[in-house]
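Student: I should like to understand how the descriptive terms applied to a protein model are justified. May we go through them one at a time?

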Amino acid sequence: MGKLGYRLAQMMVGRYGFDQFSRDLLAYGMILSICDIFIPGGIVKFIGTLLIIFAIYRMFSRNHAKMRLQLDWYRTYIDGPLRSWLARDRKNYCYFKCPTCKQVQKAPKGRGRIRVTCHKCGNVFEKKV
Ligand SMILES: [Zn+2]
């Protein structure tokens with residue numbers, strides 16, 4: 001390791017470093033900065049730059065507990081729901097919400113009009129799938 005590498009390693013001692021949230025913030029920031037080409041006004045690039053700055057701030061932070069809480073929040077409210085939404089099998093299943101509790105339900109496509117019983121609240125309703 002060279003002198004620069006050593007200094008860099010010394011600078012990162014005690015810092016939080018890189019995690020999934022920082023990685024995704026950088027990715028979203030770069031995507032927004034690229035989208036700025038198609039959307040005039042500069043607000044998209046501004047938000048993208050803020051995301052990148054926040055990712056860098058997280059990497060250099062010494063407050064590990066706070067960064068860990070932010071990572072948990074991100075996984076619970078952003079990444080988890082986004083991944084489950086992206087993983088839906090829309091070719092074979094129809095997705096809809098319970099009218100009472102908004103719990104997401106799924107049923108095989110092509111069954112016509114079906115009677116659905118909500119797993120969460122027990123509400124019975126009809127749905128065309
Ligand atoms: Zn329900």
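Tutor: The following exchange sets several descriptions beside their criteria. Please bear in mind that this is a predicted model.

Student: How is the protein chain divided into domains, and how far apart are the centres of domain 1 and domain 2?

Tutor: The chain is divided into domain 1, residues 3-86, and domain 2, residues 93-128. The C-alpha centres of domain 1 and domain 2 lie 37 Å apart.

Student: What makes the span of helix α2 close to the expected one?

Tutor: Helix α2, residues 20-35, has 16 residues. From its first C-alpha to its last it reaches 22 Å, and at 1.5 Å a residue the expected value is 22 Å. The span is therefore close to expectation, since the rule multiplies 1.5 Å by one less than the number of residues.

Student: Which residues of α2 are buried, and why are they said to be on the same side?

Tutor: The buried residues in α2 are Phe21, Ser22, Leu25, Gly29 and Leu32. They cover an arc of only 95° around the axis, which puts them on the same side of α2. Among the elements covering these buried residues are α3 (43-60) and α4 (64-86). The face turned away from the buried side carries the exposed residues Gln20, Arg23, Ile31 and Ile34.

Student: Why is α4 said to lie largely in the open?

Tutor: Of the 23 residues of α4, the number buried is 1, so α4 lies largely in the open. In addition, α4 bends by about 45° at Arg75.

Student: How do you know that strands β1 and β2 pair?

Tutor: Pairing requires at least two bridges. Strand β1 (residues 93-97) and strand β2 (residues 104-108) are joined over 5 bridges in the antiparallel sense, so the criterion is met. As one example, Cys94 has Ala107 in β2 as its bridge partner. The hairpin of β1 and β2 has 6 residues between the strands, and in this hairpin Lys102 takes a positive phi near 65°.

Student: Why is Val129 called partly exposed?

Tutor: Val129 has 17 other C-beta atoms within 10 Å. A residue is buried at 20 or more and exposed at 12 or fewer, so 17 falls in between and Val129 is partly exposed.

Student: Where does Val129 lie, and which residues does it contact beyond its neighbours within four places in sequence?

Tutor: Val129 lies in the segment after β4 (124-128). Apart from those sequence neighbours, Val129 is in contact with Cys94, Ala107, Lys109, Arg111 and Ile114. Val129 and Gly110 are 19 residues apart in sequence, and their C-alpha atoms are 5.8 Å apart in space.

Definitions and conventions
Residues are numbered from 1 along each chain as its sequence is written. This is a predicted model: local features need pLDDT of at least 70, side-chain atom pairs count only at pLDDT 80 or more; totals for chains, interfaces and linings use all residues. Helices (H or I, at least four residues) and strands (E, at least two) are DSSP runs, numbered from the N terminus. Domain bounds come from an automatic or database domain assignment. The arc is that of the directions from the helix axis to the C-beta atoms. Two residues are in contact if their C-beta atoms, placed from the backbone, lie within 7 Å. The bend at a residue is the angle between axes fitted to the seven residues ending there and the seven starting there.
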